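Hi,

Here is the structure I promised to pass on. Have a look first, and my notes follow below.

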Amino acid sequence: MSQMLSMTDVTVCYDNVEAVRNVSLSVDEGQIVTVIGPNGAGKTTLLMAAIGLLASRGSMVFRGSDIRKMSVEDRVERRLCLVPEKRELFSDMSVADNLLLGSYSLRDRSGVQKTLDEVYDRFPRLRERQRQAAGTLSGGERQMLALGRALMAKPALLMLDEPSLGLAPLIVREIFRTIASLRDLGVSILLVEQNARAALETADYGYVLETGEIVQSGPAKDLIHDPRLITAYLGGH
Amino acid sequence: MTSDIAAILAIDGIATGAVYALVAIGTVLIFTVTRVIFIPFGDIAAFTALTLAALDAKRFPGTGALVVALACLATLIEVISLIRNGEVRLLPRALLLYLAIPLAVVGIAWLTMRMDPPLAVRLVLALMLITPIAPLLDRIVFRPIADGTVLLLLTVSVALHFALVGLGLLFFGPEGVRTEPLTSFSTEFAGVLVSGQTMLIVLAALVFSGLLYLFFDFTLVGKSLRATAVNRTGSRLMGIRPERAGTIAYLLGSLMAGVSGILIAPVNTVFYDSGFLIGLKAFVGAIVGGMTSYPGAAIGAVGVGILESFASFQSSALKDVIVFSLLIPILIWRSLASLHSEEEIEE
């Protein structure tokens, strides 16, 4: 299995404060990797650095190319995509336009309609609301749109920042089912989540980030039974 | 005031407002995509009129030299920036966009002018010479401070306007110009004589607004510009480059300002510094639309034109005072209507 993303000793600073320190992690092709940790641990910062919205030190290799100094747009063109915590939808624009813009980075436009149909098949609710403005959607629909829009770019690696945040439990289950099913499309996933149990149940491998540093890692099925993690993050005793 | 005079003033106001509308739409376009309130848009409109007048007089306009100088400077800045960022592979593209194309435009204009071209070709030449100025200024002046505050960008924009006015005096001299009418046709409408030029102005405003609507609603590039305006971070995550969106916005905006300059030149005497008032009145119109709505800006600009027309009839000396006083109630209304704006900024 070839390596999709490899981060080595990545450090991200806000002014002089190191929000992420010497983090090393990797995502293999077709793998779902999760980063769990408490609020403020640096999970979002790590993803922002991975997509290029924040500057970082260390090494960042995506599909064999050094991407650390690349612009966000260059990374997206290489099919590295992020669904951010705030979704960043184009709220005044229709659902269909949001999805179409997801495919903006694709040079070959011949398959766009087919991908759009696939996204609509995956999220029938979006097809029903395709003419509606994105800003008028419910929380769950907005998350579906954010996911669908990212899929329009045919990502090789999809990074998801807190996809379950603020959603009802039923919707959360649906979103995680969708994430698991993306593996069948050959999409690798780097999932950052506070809902540690759902994340570890979905992922193949997991990292635990605390105060900007990786403190533990291993196969997700092992981490989910780890006593320390059960006490700290999984709500167990 | 009789109804006949009111009708004449209304038609005159609509025509002037239509010119302001083109500039106002360009102003909104640039602001939403780049956050720059581009004060020199009026100067672009005035320079187009002066460029056309120079071409009519069989003189090659100073605008050509301005484009060459800006192209060289923009290329230098872009090349240094690419080398610094280790993006040497992008050098040929930069040389093509910032040097070859602008120089080719000036070269074509210079060669065509020697053949004593007809008016239609001179109009195209004037627009060709004007259109690269704003995108090149964007590369030189605004892109290095793209992340600055709106106030900083506005301050630089005002400074740029004064620099352009100085250059306008240098290139075109202090004399005003009035170009030949684009049409001698005229007709009577509701008992009032309406000139073909007035009809052309209104028609051009409608056609360009329509084209812009089609561009924004039916093309991927147009939608990418809207997306950049709505959510800059979101658009970057889709691979839309804000600087490219900015360049397209400046090109389109310049074209619209250029067209308004061509339309206004036969009806108003245009001086090197006439652009400021055109830009400022268009800006008042754009504020009516909250600096974000194209129809709002167009309606606001036509309103400004009509008000100006009636104000100049009542008191010619106070017409500008009356028009700019309009800003006060508009700003109060807009600030009351958008009490949630602080919340939006936080987001």
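To start: how many of the 23 residues of H11(B) are buried? H11(B) is mostly covered, with 19 of them buried. Buried here means that 20 or more other C-beta atoms lie within 10 Å of the residue's own (exposed is 12 or fewer, partly exposed is in between, and C-beta atoms are placed from the backbone). Helices (H or I, at least four residues) and strands (E, at least two) are DSSP runs, numbered from the N terminus.

Before you go further, this is a predicted model, where local features need pLDDT of at least 70 and side-chain atom pairs count only at pLDDT 80 or more, while totals for chains, interfaces and linings use all residues. Residues are numbered from 1 along each chain as its sequence is written, and chains are lettered from A and ligands numbered from 1 in the order in which they are written.

On confidence (pLDDT is the predictor's confidence in each residue, from 0 to 100), chain A has a mean of 92, and 99% of its residues reach 70 or more. Among the elements of chain A, helix H10 (residues 227-232) has the lowest mean, 82, and helix H3 (residues 95-102) the highest, 97.

Now the helices of chain B. H11(B) covers residues 242-264 and should span 33 Å at 1.5 Å a residue (counting one less than its number of residues); its end C-alpha atoms are 32 Å apart, which agrees. H1(B), residues 3-34, has 24 of its 32 residues buried, so the rest of the structure largely encloses it. Just after H1(B), B:Arg35 has a positive phi of about 70°.

The largest nonpolar core (buried Ala, Val, Leu, Ile, Met, Phe, Trp, Tyr and Cys residues joined through C-beta atoms within 7 Å) has 175 residues, and those touching the most other members include A:Leu191, B:Leu22 and B:Val23. H1(B) gives this core its largest share, 16 residues. Leaving out residues up to four places away in sequence, B:Val23 touches, among others, B:Phe41, B:Met256 and B:Ile278 (contact means C-beta atoms, placed from the backbone, within 7 Å).

Over in chain A, try strand S9 (residues 205-210), where five of six residues are buried. S9(A) runs parallel to S3(A), joined by four bridges (strands pair if DSSP finds at least two bridges between them). With S10(A), S9(A) pairs antiparallel over six bridges. A:Tyr207 stands opposite A:Val35 on one side and has A:Ser217 as its bridge partner in S10(A).

Cheers

How values were computed
Two residues are in contact if their C-beta atoms, placed from the backbone, lie within 7 Å.
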